[in-house]
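Me: Please take a close look at the charged side chains in this structure, and in particular at the salt bridges and how covered their partners are. I would like one connected account rather than a list.

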Number of protein chains: 2
Amino acid sequence: MIVVNVRGAVLVTGTEVLSGATRDRNGPWISQRLGALGVEVEGIHQVGDRPEDLLATLEFLRGRGIDLVVTSGGLGPTADDLTAEVVGRFAGRPLRLDEKMERTIEAILAEFARRFNFDPESLRTANRKQAMVPEGAVPIDPVGTAPGLVVPAGDQVVIVLPGPPRELQGMWENAIAAAPAREMLARAEPYQVLALRLFAVPESELAASLREIGASTDLSALEITTCLRGGELEVDVRYRDGAEDAAAALRAGLVERHGPCVFSETGQSVTDVVVGLLDGRTIAVAESCTSGLLAARLTERPGSSAYFMGGVVTYSNDAKAELLGVPAELIARTGAVSTEVAEAMADGAIERFGADIGVGITGIAGPDGGTQDKPVGYVCISAAVRGERRTRDPVLPGGRADVRERSVTAALHLVRNLLLGEQLPR
Amino acid sequence: MIVVNVRGAVLVTGTEVLSGATRDRNGPWISQRLGALGVEVEGIHQVGDRPEDLLATLEFLRGRGIDLVVTSGGLGPTADDLTAEVVGRFAGRPLRLDEKMERTIEAILAEFARRFNFDPESLRTANRKQAMVPEGAVPIDPVGTAPGLVVPAGDQVVIVLPGPPRELQGMWENAIAAAPAREMLARAEPYQVLALRLFAVPESELAASLREIGASTDLSALEITTCLRGGELEVDVRYRDGAEDAAAALRAGLVERHGPCVFSETGQSVTDVVVGLLDGRTIAVAESCTSGLLAARLTERPGSSAYFMGGVVTYSNDAKAELLGVPAELIARTGAVSTEVAEAMADGAIERFGADIGVGITGIAGPDGGTQDKPVGYVCISAAVRGERRTRDPVLPGGRADVRERSVTAALHLVRNLLLGEQLPR
């Protein structure tokens, strides 16, 4: 039984979220942060910017016993931006002009106006309302131009943050450090977290493993969430002090049953695992259907120039021959999508960039181009290091974007495979 | 005043959404589809898989006068998958085994078992519950293994669909065609939509334009949503029959004020606009900091091999020299990040791939590598076609991922710029 002291919920406002135009990033981010602090998150509610919807949802959450609500959005300068006013009304706290905050915003705007050549007067007019603060609330300095608010509301606390993720994330620490939030969060018990990542293990096999382990160890103190994503299985376990043995038994049980298919015991992405395994060696890539996505994935982290030498996207047969030295005769014989061509591309990447490890990917992302023998989703992937190579040619499910994404994931796992010297199933 | 006949809401279940592990794709997708059908969407509510949270939210939505609720998730085979049962309870309809559906699922599972070598018995055991259907509900054939449901619930209709987006999207048309849904949706009046896209126009200037246009034309029959994303401004306008003149006036007013900064009047992405402008010509790219993201963007659509010749990711100076013929002396003189190097990279891409148009991008994505003169976010982008070139070197805001993404967007707009022969501001 996991003790819950603080229940939270996230309220995302903004019609662009409802129209499907924007994918909400704030809800998951805030929810994850609250969870790590030990807050049990009831839900993420995205409503438009209609004051009545926002107010009704706040009242619904109050009725559900939610202690801490975090809102995002609706703090901009336009007439639709009404979150501060609605939250103030909900908390019974009228808005007052915070002159110190008004001056802070003016200084920020003056800088924007100078850098980007905007008309400072129209900006100032539009933004004065952003300095209106509910009485008794704690204002949080802006990262952009909109301040945040930490608003006591009876037994609850409402943290109000701007919509742009970079601003919200930059203001988070100050928001949770503000007295009303800090006092509430002090009641929450942070979770410990175990994050296991598996590849090439179907969900049903994981379910069977969990049942088996649970038969000999009491796992009830663990909150286990599993999610299958792009071929990778994420097993997130949350628990409190006292349940360490159960968590350890779960970890040991899964590693024992699934061995090298467990590619991380700390939630690390396969990319980071691969970078760690490179251990000073360098890598270059040759991509056809994934068209640069593998190169981009390998360089997401800063400092990637230390190990990433470069890549080519060889969409045409000529380019494969010219840039990678893939023999035209080979392509003529096996077609552009074959294990032999993937291997030649990996070797070509090593040659071209003087790298230690090379990866070649050639496949049929779809929706066109499939045949009986080589259907849409058929992808040939090869990873090579001098003297050794691993090659796979799975048929990956899904549409064009899925096949491209899963190919990149599969390629990274193949590199891991190669560097570990392991033979993984399938 | 826009008449609303049908109010809808989306209910996404699944703890992986709350933990931040998965970004919800279903909420925005369903919300957009409902909106296009003329349903006014109150919100997207993501709750965990606790039955009490799901039930409370359904009741909240009933209290808010929501006519049509669409749920996603919780239709899987595990003990946590309780959506069908909860919705049945909410609608006062007990679950019954639908034997025809059970046989349908068994046939699907047999195929999975054969293709992927799973144990068919354990799959069948786990999946029998997926054939339990609330009495009087319309089952929807699965795309994966989980059927959907269209459940009449008093004055409301609840459409229940699986969590995996590909399954949900594949079942959507059948779900809205099922009698209870179809009858309700017949009451809704589909919107007409105007989707304008602008680049290099700040939100405050758009706001000023809207105010000006609104001063001479009554825009109240239009529902206007604006969203600034990665430097692009999305203006989505919804309206019903009778408001065509207002929509036309808005469109004309924005085009008149912002000219070529309006890059689409149909919601087309800049990538698709560029592909259209290529008009038979071919393009190749040379990327440093964007590391393949531009190549990947240009190949998102099927058929891209018709115009995309290929690309290189030249992370090191050697690679820039070797693969693109960028003179080592030039890099030594100006550094790897300069407008001259970007131009040489664009020319190199044209040479290497025999393309008509070349793009070169070199910049500082950060967080390290910035200097006083060339701070983090400083990116040099050049687009060239024989005899003509456009080069820009903005400082882009945000973190590493933002700078990479915005560089790709800026590069695509620069290519548009080049192909149109326009000189756009900044």
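Reply: E234(A) has a relative accessibility of 9% and is therefore counted as buried, the limit for that class being under 20%. In this predicted model, its carboxylate forms a salt bridge with R229(A), and the closest N and O atoms of the two are 3.1 Å apart. R229(A), by contrast, reaches 36% relative accessibility and so counts as partly exposed, which means that this salt bridge joins a buried acid to a partly exposed base.

A second pair in chain A can be set beside this one. D347(A) and R389(A) form a salt bridge in which the closest N and O atoms are 3.0 Å apart. D347(A) belongs to helix 15 (residues 339-353) and R389(A) to strand 17 (residues 388-392) of chain A, so the contact ties together parts that are 42 residues apart in sequence. Here both partners are partly exposed, D347(A) with a relative accessible area of 31% and R389(A) with 32%.

Chain B offers a further example, in which R301(B) and D272(B) meet through their side chains at 2.6 Å, N to O. This pair also links distant parts of its chain, for R301(B) sits in the loop between helix 12 (293-298) and strand 14 (308-314) of chain B, while D272(B) lies in helix 11 (residues 270-278), 29 residues apart. The acid is again buried, D272(B) having a relative accessible area of 17%, whereas R301(B), at 46%, is partly exposed.

Over all chains the count comes to 39 salt bridges, and some of the charged residues are joined in a network: R7(A), E40(A) and R64(A) of chain A are linked in this way with R50(B), E52(B) and D53(B) of chain B.

There are also acidic side chains that form a negative surface patch, namely E189(A), D241(A), E244(A) and D245(A). Of these, E189(A) is placed in the loop between helix 8 (179-185) and strand 9 (192-199) of chain A, and its relative accessible area of 31% makes it partly exposed.

As for the setting of the chain A residues, 55% of the 426 residues of that chain count as buried, and the chain contains 16 helices and 17 strands. Its C-alpha trace spans about 75 × 65 × 40 Å along the principal axes. The domain assignment divides chain A into domain 1 (7-185), domain 2 (195-264) and domain 3 (273-420), and the C-alpha centres of domain 1 and domain 2 lie 37 Å apart.

Key. Residues are numbered from 1 along each chain as its sequence is written. Chains are lettered from A and ligands numbered from 1 in the order in which they are written. This is a predicted model: local features need pLDDT of at least 70, side-chain atom pairs count only at pLDDT 80 or more; totals for chains, interfaces and linings use all residues. Side-chain values use heavy atoms; hydrogens and water are left out. Patches are made of residues with over 30% relative accessible area and no salt bridge: like charges are joined within 9 Å, nonpolar side chains (Val, Leu, Ile, Met, Phe, Trp, Tyr) within 5 Å. Accessible areas come from the Shrake-Rupley method with a 1.4 Å probe; for residues, only the protein chains shown count as cover. A salt bridge is a side-chain nitrogen of Lys or Arg within 4 Å of a carboxyl oxygen of Asp or Glu. Lys and Arg count as positive and Asp and Glu as negative; His and the chain ends are not counted. The place of a charge is taken as NZ of Lys, CZ of Arg, CG of Asp or CD of Glu. Helices (H or I, at least four residues) and strands (E, at least two) are DSSP runs, numbered from the N terminus. Buried means under 20% relative accessible area, exposed over 50%, partly exposed in between (1.4 Å probe, protein chains only). Domain bounds come from an automatic or database domain assignment.
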